[in-house]
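This report introduces a few local features of one structure to a reader who has not met it before. Please look at the sequence and the structure shown below, and then follow the text alongside them.

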Amino acid sequence: MPELSQEADRERGRAVTPFGLAEVTGPSMVPTLRHGDQLVVRYGARLRAGDVVVLRHPFQQDLLVVKRAAERRDGGWWVLGDNAFAGGDSTDYGTVPDELVLGKVLLRYRAREAGQRSPLAVVRWALTAVRPVLSDRSASRRLRAR
């Protein structure tokens with residue numbers, strides 16, 4: 001269930017700008033985000049439904065997670081992972097209070113895999129390594145099925 005390394009939390013404490021870096025661990029946001037993806041996070045950003053957000057786990061607040069803000073509800077945000085089979089979202093712990101939602105994910109960087117040696121594989125990686133994480137481009141059927 002852990003979604004982000006603790007590096008993101010340390011970065012937030014030292015940040016003089018509202019931006020930080022985080023690393024994804026775990027499968028709950030597949031296919032949008034994968035294990036090992038690096039994220040650029042804007043802390044304190046205004047959120048809207050569909051945004052990918054970094055938040056503190058409601059029951060274990062030293063743990064940071066990344067989820068999609070599905071909808072605004074009384075008392076906070078209902079958040080879902082894009083991978084319905086991974087769990088660890090609001091279906092398990094309910095609405096997340098506003099003060100636990102730290103920021104919005106702006107970009108993701110996907111490192112090159114060790115097996116990508118052919119020129120075509122390198123070009124394909126170069127074209128897709130850095131991508132914005134957009135709120136209206138969810139690959140999740142969980143959000144679109146509403």
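Which residues form a nonpolar patch on the surface? In this predicted model, the nonpolar patch is formed by L107, Y109 and V130, which together have about 240 Å² of accessible area. Of these residues, Y109 lies in strand 6, which covers residues 101-109, and Y109 is partly exposed because its relative accessible area of 35% falls between the limits of 20% and 50%.

A contrasting case is D82, which is found in the loop between strand 5 (76-80) and helix 2 (90-93). D82 counts as buried because its relative accessible area is 8%, and buried means under 20%. The side chain of D82 takes part in polar contacts with the side chains of T32 and R68, as set out in the table.

| Side chain | Partner side chain | Polar contact distance |
|---|---|---|
| D82 | T32 | 2.4 Å |
| D82 | R68 | 2.9 Å |

Elsewhere in the chain, strand 1 (residues 19-23) has side chains that alternate between two faces: G20 and A22 point to one face and are buried, whereas F19, L21 and E23 point to the other and are not buried. Strand 1 is paired with strand 2, which spans residues 38-43, and the two run in the antiparallel sense with five bridges between them. Within this pairing, A22, one of the buried residues of strand 1, stands opposite L39 of strand 2.

How values were computed
Residues numbered from 1 in each chain as written. Predicted model: local features only at pLDDT ≥ 70, side-chain atom pairs only at ≥ 80, totals over all residues. Heavy atoms only, no water. Buried < 20%, exposed > 50% of the residue type's maximum accessible area, 1.4 Å probe, protein only. Helix = DSSP H or I, 4+ residues; strand = E, 2+ residues; numbered from the N terminus. Pairing = 2+ DSSP bridges. Patch = residues over 30% accessible without salt bridge, like charges linked within 9 Å, V, L, I, M, F, W, Y side chains within 5 Å. Areas by Shrake-Rupley, 256 points an atom, 1.4 Å probe, with all protein chains shown as cover. Salt bridge = Lys/Arg side-chain N within 4 Å of Asp/Glu carboxyl O. Polar contact = N/O pair within 3.5 Å; in protein donor to acceptor, adjacent residues only side chain to side chain.
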